[in-house]
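Reader: I would like to go through the labels attached to this model one by one, and to hear for each label which criterion stands behind it.

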Amino acid sequence: MNSLSVYVILGLTTLMIQTTDSKGSPNIRVVLSVWPPGSTIYLRESVALRCSVEAGANYSWTYHWFRHTSHKLVTPNARHMISGDSYSITGVAKADGGSYWCQAERNGSTTPLLSDPAHLTVSELTPPSLAVIPNSLQHFQGERFSLQCPAVSESNSTESNSTDWTLWQLTDFGVRSGCQTLEGTVRKEVPGACSLSSLYSGLYWCESSKWRSNTVKITVSYGSMIIVGPAHPVTEGDQVTLHCRYWLHKPNLTTFYKDGVEVVLNVTEMTIDNVNGADEGFYKCAEPEEKLESPDSWLSVRRNSTSEERKTLSSEGTWIWVLLFCCFVVILLLIPVVMLLVRHYRLRMWCTRSCFSSKEGPPPGEAPQTTQDVTEVQWDLGWMEMANLLDKQQYPATAS
């Protein structure tokens, strides 16, 4: 007999499928965890999902990941990476929201275990920022770097209150929190900063009782080359500089790549002026002759709010001018139509009055009509017709 159990531990988004044997004793549980905890993730940050099987350590397991539906396998790409029981998303985009599942299948078994879905919602709000000192996502092994939790209090004031926050770390070895637990040193000269030795690559973030910072994915390289670039998203229009660092020596030739495509040759530094959304992607540098290359580093670009406002205002202004032009054209078209209608009405009225003023008199039952004065029709008749009418009224005998 199988039963379903859901556990909530320290606010962690943890979903468990628990199976029991016929006696009701726990057997195997599949756990899907989201890091950082919670269902809300932020644009352009990195998140991780972990799938684990409890009470099944004696077996060898194969993991599969599903997205949107429990029957659609995830297709890995540069941003969505799968490594066994781990699923990581780099540079979260709006389209990354939705439901995710993990499935654990024991080798030799025909009955896979599917977790409940983890629902992720992408927020466009800007979270408090976790600072990286020096400003780089890649560091050589053994080098020290510092992480500084946001200098804001839980009331969201601008006063420095970094002591309210706790630094968290997620690596392949598990989750830990607290600077001392991470074998770090608190930097007294920089409030809220924790100095760490580069030993393990991992995901870092800060938490308080009410807030969470953005995440930072630090890569520790045991190779001979790294690429140094901004640890946080840059704004459209900024100037961005990427450069290579070397562990032992400086190669003669260095090439920069973006998303695996060669972009710059024979330099150690690459500058992007007026950066825009098309520049977003994975960058690395390599030395082809010695077959050296750095790990990939994600460059994230956020939209310039001022530029967006200008585009919106410009678009609105354009539509206003188009509307005014259309109104002007309509008015120009209506003027001759109205003039024709007025002329037609006045000619009709004049014709009616002329018929009633004949010698035979008005039709029976109708009131007699007075003779139309020449001034009433002078604007509706041509010059020749006006002259004939004047002759008839001034010299009736001659005209007859």
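Author: By the ring-pairing rule (centres of Phe, Tyr and Trp rings, the six-membered ring for Trp, within 6.5 Å; planes under 30 degrees apart stacked, over 60 edge-to-face, the rest tilted), the count comes to 8 aromatic pairs. The model is predicted, so to speak of local features requires pLDDT of at least 70 and side-chain atom pairs count only at pLDDT 80 or more, while totals for chains, interfaces and linings use all residues. Residues are numbered from 1 along each chain as its sequence is written, and side-chain values use heavy atoms, with hydrogens and water left out.

Reader: What makes tryptophan 65 and tyrosine 87 an edge-to-face pair?

Author: Their ring centres are 5.4 Å apart and their planes stand at 85 degrees, which satisfies the limit of 6.5 Å and the requirement of over 60 degrees. Tryptophan 65 belongs to strand β5 (residues 61-67) and tyrosine 87 to strand β7 (residues 86-89), so the pair ties together parts 22 residues apart in sequence; strands here are DSSP runs of E with at least two residues, helices runs of H or I with at least four, numbered from the N terminus.

Reader: How do you know that glutamine 169 is buried?

Author: Its relative accessible area is 4%, and buried means under 20%, exposed over 50% and partly exposed in between, with a 1.4 Å probe and protein chains only. Glutamine 169 lies in strand β14 (residues 166-171).

Reader: Why is isoleucine 335 called partly exposed?

Author: Its relative accessibility is 43%, and therefore isoleucine 335 counts as partly exposed. This residue lies in helix α1 (residues 305-356).

Reader: What makes the contact of arginine 245 and glutamate 143 a salt bridge?

Author: The N to O distance between their side chains is 2.6 Å, and the definition asks for a side-chain nitrogen of Lys or Arg within 4 Å of a carboxyl oxygen of Asp or Glu, so the label applies. Arginine 245 is in strand β22 (residues 240-246) and glutamate 143 in the loop between β12 (138-140) and β13, so the pair ties together parts 102 residues apart in sequence. Arginine 245, at 30% relative accessibility, counts as partly exposed, whereas glutamate 143, at 19%, is buried.

Reader: How do you know that lysine 284 lies over the face of tyrosine 257?

Author: Lysine 284 is at 5.7 Å from the ring centre, and the rule requires NZ of Lys or CZ of Arg within 6 Å of that centre and within 35 degrees of the ring normal.
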